[in-house]
Amino acid sequence: MNTKYRALFNENFSIENYDALLNDITADFEYKVTFRIGETPFFIPNSLKNQLLEASQEVIAFIQKEEFKKLTDKALELNRKVPNEDSHTTFLAIDFGICEEDGEIIPKLIEVQGFPSLYNFQYNLAEKFVKYYPFLSELTPFFNNLSKDDYLQLVEEAICNNHPKENVVLLEIEPKKQNTQIDFLYCERDFGVPTVCVTKVIKKGDQLFYTNSKGNDIVIKRIYNRVIFDELDVRTDLQLNFNFSDNLDVEWAGHPNWFFRISKFILPYLKGKYFIETTLLSDLKEIPFDLENYVLKPLFSFSGSGVIFHVKREDIEAVTEKDLYILQKKVNYKPLIQSPNGKVKAEVRLLAVWKKDALSPTLVTNLVRLSRGEMIGVKFNKDKDWVGGTVGMFEK
């Protein structure tokens with residue numbers, strides 16, 4: 001990897017610095033992040049960066065195909081359809097495992113989502129790393145030669161679409177209980193967009209409103225949607241005053257339909273060196289004899305819920321809705337980030353925004369997850385250090 005900055009960082013790393021960085025983030029809002037933040041950025045060399053960009057462009061080219069909507073209509077039939085869908089997604093997150101194949105490092109597509117990620121937290125995290133390790137100012141977390149101001153302008157325009165900030169809301173289920181709350185707090189600070197719980201939205205005719213801090217009902221013109229229907233469907237205790245399937249006079253920054261269209265649903269269609277053998281269970285001719293080399297995944301789950309890593313024949317046979325699951329070949333994540341005590345695996349999420357009238361999405365920044373476990377994720381990394389969420393840094 002980028003050995004120059006890895007050596008510099010490891011020489012300057014200390015637990016005191018790490019604790020100070022975490023405390024600094026906590027002090028921004030007197031709020032302690034509920035997910036683990038990794039001790040280090042991932043210093044991504046140009047060779048790997050170029051591979052990530054090439055692979056992402058192949059994904060984007062597939063999404064831009066004229067027949068893409070027709071191809072993915074079934075994803076909405078299998079779930080739900082929300083009216084007033086726009087012509088393309090607003091947000092795009094493309095996840096790559098950093099793997100080894102034939103002795104070479106190569107990114108492999110793990111997942112793709114038409115849904116927003118931690119756009120506000122990630123650049124703030126990069127700034128915290130630079131604050132405690134000043135030599136990192138030579139690097140950037142951004143793509144396309146974006147400056148911080150360029151980045152914030154692009155993301156803000158995608159979220160707000162020129163509407164007054166008070167008429168745009170970040171919508172979530174009980175946002176103060178979400179692991180991603182830190183991103184909501186930075187979003188409100190950076191863009192002035194209020195965070196509103198789905199239960200607090202008021203419907204009047206075909207319009208939606210929320211009550212501001214002064215007690216006034218404010219019309220919602222645009223929704224920055226962070227609601228995952230998987231979670232909403234199981235929260236039968238929640239009382240909503242509107243239905244997502246209502247024909248509402250509102251714009252979406254991240255229309256819910258794109259969560260289903262751009263998802264694991266498209267993985268079986270993607271072929272090439274950066275893509276993993278993936279089969280819809282309903283298309284599976286026979287169950288492979290070497291199931292230890294496969295992972296069973298639901299199409300539309302979030303944050304790894306429902307994934308079976310050690311697949312057994314009976315797991316596949318037990319699935320009744322076979323058009324809602326995929327069988328995916330395992331890949332060999334390569335431990336390549338040198339920590340003080342061993343090497344660590346990485347998964348890189350490239351984040352893009354797609355403004356309303358733009359011809360194509362713009363890659364803007366990234367999110368990295370570090371792991372020592374069998375898989376990326378909290379339950380595989382309990383009681384380990386140099387794991388968790390972080391950011392990739394590139395040479396300018």
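These legends walk through several close-up views of one predicted model.

The model is predicted, so local features need pLDDT of at least 70 and side-chain atom pairs count only at pLDDT 80 or more, while totals for chains, interfaces and linings use all residues. Residues are numbered from 1 along each chain as its sequence is written, and side-chain values use heavy atoms, with hydrogens and water left out.

**View 1. The whole chain, with its ten helices and 19 strands.** Helices (H or I, at least four residues) and strands (E, at least two) are DSSP runs, numbered from the N terminus. The chain has a radius of gyration of 21 Å, close to the 21 Å that the globule rule gives for 396 residues, so it is as compact as a globular protein of that length. That radius is taken over C-alpha atoms, and the rule is 2.2 Å times the number of residues to the power 0.38. Along the principal axes, the C-alpha atoms fill a box of roughly 60 × 55 × 40 Å. Of the 396 residues, 53% count as buried (buried is under 20% relative accessible area, exposed over 50%, partly exposed in between, with a 1.4 Å probe and protein chains only). Take the contacts (heavy atoms within 4.5 Å) with a separation of 6 or more: residues 24 or more positions apart account for 75% of them.

**View 2. Helix α7 and its packing partners.** Helix α7 covers residues 181-191, and its buried residues are Gln-181, Ile-182, Asp-183, Phe-184, Tyr-186, Cys-187 and Phe-191. What do they pack against? Their helix partners are α2 (15-29), α5 (119-132) and α6 (148-160), and their strand partners are β5 (168-172), β6 (195-197) and β10 (222-225). Just after α7 comes Gly-192, with a positive phi near 75°.

**View 3. Two hairpins that share strand β8.** Strands pair through backbone hydrogen bonds, either parallel or antiparallel; here, two strands count as paired if DSSP finds at least two bridges between them. Strand β7 (residues 202-204) lines up antiparallel with β8 (residues 207-211) over three bridges, and Lys-203 stands opposite Leu-208. Two residues lie between β7 and β8, and Gly-205 in that turn has a positive phi of about 65°. On to the next hairpin: β8 pairs with β9 (residues 217-220), again antiparallel, over four bridges. Phe-209 stands opposite Val-219 here. Five residues lie between β8 and β9, and Gly-215 in the turn has a positive phi of about 90°.

**View 4. A close look at Gln-338 in strand β15.** This strand covers residues 337-339. Is Gln-338 buried, exposed or partly exposed? Its relative accessibility is 32%, so Gln-338 counts as partly exposed. Leaving aside neighbours within four places in sequence, Gln-338 is in contact with Arg-6, Asn-10, Lys-343 and Trp-386. Now look for Thr-3: Gln-338 and Thr-3 are 335 residues apart in sequence, but 9.3 Å apart in space, C-alpha to C-alpha.

**View 5. An open sheet of three strands, in the order β1-β19-β4.** The pairing in this sheet is mixed. At the edges sit β1 (42-43) and β4 (139-140), each pairing on one side only. β1 and β19 (residues 392-395) run parallel, joined by two bridges. In that pair, Phe-42 stands opposite Gly-392.
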